[in-house]
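Me: Please set out the enclosed space and two individual residues of the structure shown here.
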Amino acid sequence: HSAMLMGANLKNANLSDANLRYAVLYGPYENRPNLSGANLSNADLSGADLRESYLKDADLSGAKLRGANLSFSNLEDADLSDADLTGANLQNVNINASKLCRTITPWGEDNSGC
């Protein structure tokens, strides 16, 4: 079973260490959750549906995002240090100014932001 968080305003929420495996954080445009500035460090988001999510300035350090769908999401200025994005869908993701340090990506380990 998966949690559905459509339309939730989680701006600046502290969800560190949360288990959100297979969570559905996606919906029609007006129902997309706002996760800007949220603390998701060390959260388990493996297999989560995060399509078109707004994660600007989010702390995703150490997060498990294996197989997550992040397509068309905004991860601008997000901290992805030590995050695991193995098998994640990163199609059309905005990662401008994101911190990638010891980040496991579909293209290998990325240390461009260390």
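Me: How many cavities of 30 Å³ or more are there?
Reply: The model is predicted, with local features needing pLDDT of at least 70 and side-chain atom pairs pLDDT 80 or more, while totals for chains, interfaces and linings use all residues. Residues are numbered from 1 along each chain as its sequence is written, and side-chain values use heavy atoms, without hydrogens and water. A cavity is a set of points, on a 1 Å grid over the protein atoms alone, where a 1.4 Å probe fits but cannot get out. With that rule and a threshold of 30 Å³ or more, the count is 2.

Me: How are the residues lining the second largest cavity divided by polarity?
Reply: This cavity holds about 40 Å³, a volume being the space filled by probe spheres set on the points, which are joined across faces, edges and corners. Its lining (residues with an atom within 4 Å of a point) includes Leu75, Ile95, Thr105 and Trp107. Ala, Val, Leu, Ile, Met, Phe, Trp, Tyr, Cys and Pro count as nonpolar, Asp, Glu, Lys and Arg as charged, and the others as polar. The division is 7 nonpolar, 1 polar and no charged.

Me: Which side chain of opposite charge is nearest to Asp110?
Reply: Asp110 belongs to strand β2, residues 108-110, strands being DSSP runs of E with at least two residues. Asp110 is buried (under 20% relative accessible area, 1.4 Å probe, protein chains only) and has no salt bridge, that is, no side-chain nitrogen of Lys or Arg within 4 Å of a carboxyl oxygen of Asp or Glu. At 11 Å, the nearest side chain of opposite charge (Lys and Arg positive, Asp and Glu negative) is Arg102.

Me: What distance separates the C-alpha atoms of Asn69 and Asn89?
Reply: Asn69 lies in the segment before β1 (103-105). Beyond its neighbours within four places in sequence, Asn69 contacts residues including Asn89, a contact being heavy atoms within 4.5 Å. Asn69 and Asn89 are 20 residues apart along the chain, and their C-alpha atoms are separated by 4.8 Å.

How values were computed
On a 1 Å grid over the protein atoms alone, a cavity is a set of points where a 1.4 Å probe fits but cannot get out, and a pocket is an open set with protein on both sides within 12 Å along at least five of seven lines; lining residues have an atom within 4 Å of a point. Helices (H or I, at least four residues) and strands (E, at least two) are DSSP runs, numbered from the N terminus. Buried means under 20% relative accessible area, exposed over 50%, partly exposed in between (1.4 Å probe, protein chains only).
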